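Biologist: I should like a close look at the N-terminal part of the first chain, with its helix packing and its hairpin. Please then set beside it a few sites from elsewhere in the model.

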There are 2 protein chains.
Amino acid sequence: LKISELSQRSGRPVATIKYYLREGLLPAGRPTAVNQADYAPSHLERIRLVTTLVDVGGLSIDAVKRVVAAIEDDSLTLHNALGVAHHALAPPQSAGEPAADLVDAVRDVDRFLAGLGWRTKPEAPARTELARALASLQQLGWQVDATVFSRYAQTVDDLAEWELDQTPTDGSRSQVVQSVVVGTVVFERALVALRRLAQEHQSAIKQLRIALPEPPS
Amino acid sequence: LKISELSQRSGRPVATIKYYLREGLLPAGRPTAVNQADYAPSHLERIRLVTTLVDVGGLSIDAVKRVVAAIEDDSLTLHNALGVAHHALAPPQSAGEPAADLVDAVRDVDRFLAGLGWRTKPEAPARTELARALASLQQLGWQVDATVFSRYAQTVDDLAEWELDQTPTDGSRSQVVQSVVVGTVVFERALVALRRLAQEHQSAIKQLRIALPEPPS
């Protein structure tokens, strides 16, 4: 495949593909002439993966680099590859120690997770994310602790158990890792979109119920 | 309260508070002298709300303006206020007609939502978001249609029904609307964080199971 064909079949401008090449997100093609190279179908797949991570997952180019490296790193277990995807999805500011105003919330979240018996690492960025959500509610005057998330925790625990069972076991190692990463990123966006639609639906039902006149007696 | 006290108690710089005032996110204070004004506790609450929407929800200042206007608009029903929050949370590019490459995916998503019997409006941004997630999977070679989201839809439908039942009914109208908006934004982030933690937990369990040696016979 020529670079122009890669562009045509992926729907991405040639300039974008050259940018991916420069950034190392896409391996170099096989040189055929000065300033010309031949690309394989795997290049097209990689462009689609990068596009998905950027457009759907909202990942930065640096985060995509880490994910691509994880897919290519044969020494990584699936569990660790999932960890790389989670770190890539986390907002940049959540790395490192939590801010001072988050310390109490993080401690409360840790107690909550321990109470659930969840095996999660202290450095999981999602732990700080959850603490930030809790601290926001408290600052807004909600008299709540981390148990306000209990119903949500039960829901996603059931969901995650099912999701992990869906992990494909056939295909090459890098295909399996890619499935796990895509599953995490794309289904997260789908879950959020579906929750909004479900809220709209349930809100419409409940509103309707209130608006209905009493049946004539 | 002086502006310096607002800053101290909210943890936001005075410059940020002045920016909120200029942008109309915060009503002007009661003038007490040239270049001085007195602020009420409601100003502090508003700063905390704006901070949450920006920091936790990732909303743009324009999106926050629309949410604040919805909270202040007495003519809006709760259902419509929820709609404003959903539109504010959607990425800007999803407004208007879907891109050409999304048309098939949107049609499939519509069939899927109709099959669920969900009462959602065609202009709901989450519908395009879901179609984008579906189109991404298809471009990555997954042989799936929108029914791949069935398990997620059931999960969030149950959750949304429960969530709507939690809506506080006491307090002023603007307090209730504010609760709905905050609930949508903050619990969405919490749900996403919890899903990542649950995935990590379930992945750790399953990995452990595989790594465990057979018990000696």
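Modeller: The account below begins with helix packing, moves to the hairpins and ends with further sites.

The model is a predicted one, in which local features need pLDDT of at least 70 and side-chain atom pairs count only at pLDDT 80 or more, while totals for chains, interfaces and linings use all residues. Residues are numbered from 1 along each chain as its sequence is written, chains are lettered from A and ligands numbered from 1 in the order in which they are written, and side-chain values use heavy atoms, with hydrogens and water left out.

Helices (H or I, at least four residues) and strands (E, at least two) are DSSP runs, numbered from the N terminus. Two packed helices are described by the angle between their axes and the distance between the axes. Axes here are lines fitted to C-alpha atoms, for helices over the stretch in contact, and angles run from 0 to 180 degrees between N-to-C directions.

In chain A, helix H1 covers residues 3-10 and helix H2 covers residues 14-23; their axes come within 9 Å and cross at roughly 110 degrees. That angle makes H1(A) roughly perpendicular to H2(A); angles under 35 degrees count as roughly parallel, over 145 as roughly antiparallel, 65 to 115 as roughly perpendicular and the rest as oblique. The crossing of H1(A) with H2(A) is right-handed. A crossing is called left-handed if the near helix is turned anticlockwise from the far one by less than a right angle, and right-handed if clockwise. On the H1(A) side, the contact is made by A:Ile3, A:Ser4, A:Leu6, A:Ser7 and A:Ser10, and on the H2(A) side by A:Val14, A:Ile17, A:Lys18 and A:Leu21; contact means heavy atoms within 4.5 Å. Sorted by class, the contact of H1(A) with H2(A) holds five nonpolar, three polar and one charged residues. In this scheme Ala, Val, Leu, Ile, Met, Phe, Trp, Tyr, Cys and Pro count as nonpolar, Asp, Glu, Lys and Arg as charged, and the others, Gly among them, as polar.

H1(A) also packs against helix H3 (residues 41-55) of chain A, where the axes come within 10 Å and cross at roughly 45 degrees. H1(A) and H3(A) are therefore oblique to each other, and H1(A) passes H3(A) in a right-handed crossing. From H1(A), A:Leu6, A:Arg9 and A:Ser10 take part, and from H3(A), A:His43, A:Leu44, A:Ile47 and A:Arg48. Three nonpolar, two polar and two charged residues make up the contact of H1(A) with H3(A). A:Leu6 and A:Ser10 thus appear in the contact with H2(A) and in the contact with H3(A).

The hairpin of chain A is built from strand E1 (residues 30-33) and strand E2 (residues 36-38), which pair in the antiparallel sense over three bridges; two strands pair if DSSP finds at least two bridges between them. A:Ala33 stands opposite A:Gln36 in E2(A). Two residues lie between E1(A) and E2(A) in this hairpin. A:Asn35, in the loop between E1 and E2 of chain A, has a phi near 65 degrees, a positive value in a residue other than glycine. With a relative accessible area of 81%, A:Asn35 is exposed; buried means under 20% relative accessible area, exposed over 50%, partly exposed in between (1.4 Å probe, protein chains only).

In chain B, E1(B) and E2(B) run antiparallel and are joined by three bridges, with B:Pro31 opposite B:Ala37 in E2(B). These strands form a hairpin with two residues between them. B:Asn35 is found in the loop between strand E1 (30-33) and strand E2 (36-38) of chain B. Its phi is positive, about 65 degrees, although B:Asn35 is not a glycine, and B:Asn35 is exposed, with a relative accessible area of 81%.

Further along chain A, helix H6 (residues 103-116) and helix H7 (residues 125-139) have axes that come within 8 Å and cross at roughly 115 degrees. H6(A) passes H7(A) in a right-handed crossing. The residues in contact include A:Asp108 of H6(A) and A:Leu134 of H7(A). By class, the contact of H6(A) with H7(A) has seven nonpolar, no polar and three charged residues.

In chain B, B:Asp108 is found in helix H6 (residues 103-116) and is buried, with a relative accessible area of 12%. Not counting residues up to four places away in sequence, B:Asp108 touches B:Leu134, B:Asp145 and B:Ala146. B:Val192, in helix H9 (residues 173-211) of chain B, counts as buried at 2% relative accessibility. With residues up to four places away in sequence again not counted, B:Val192 touches A:Glu188 and A:Val192.
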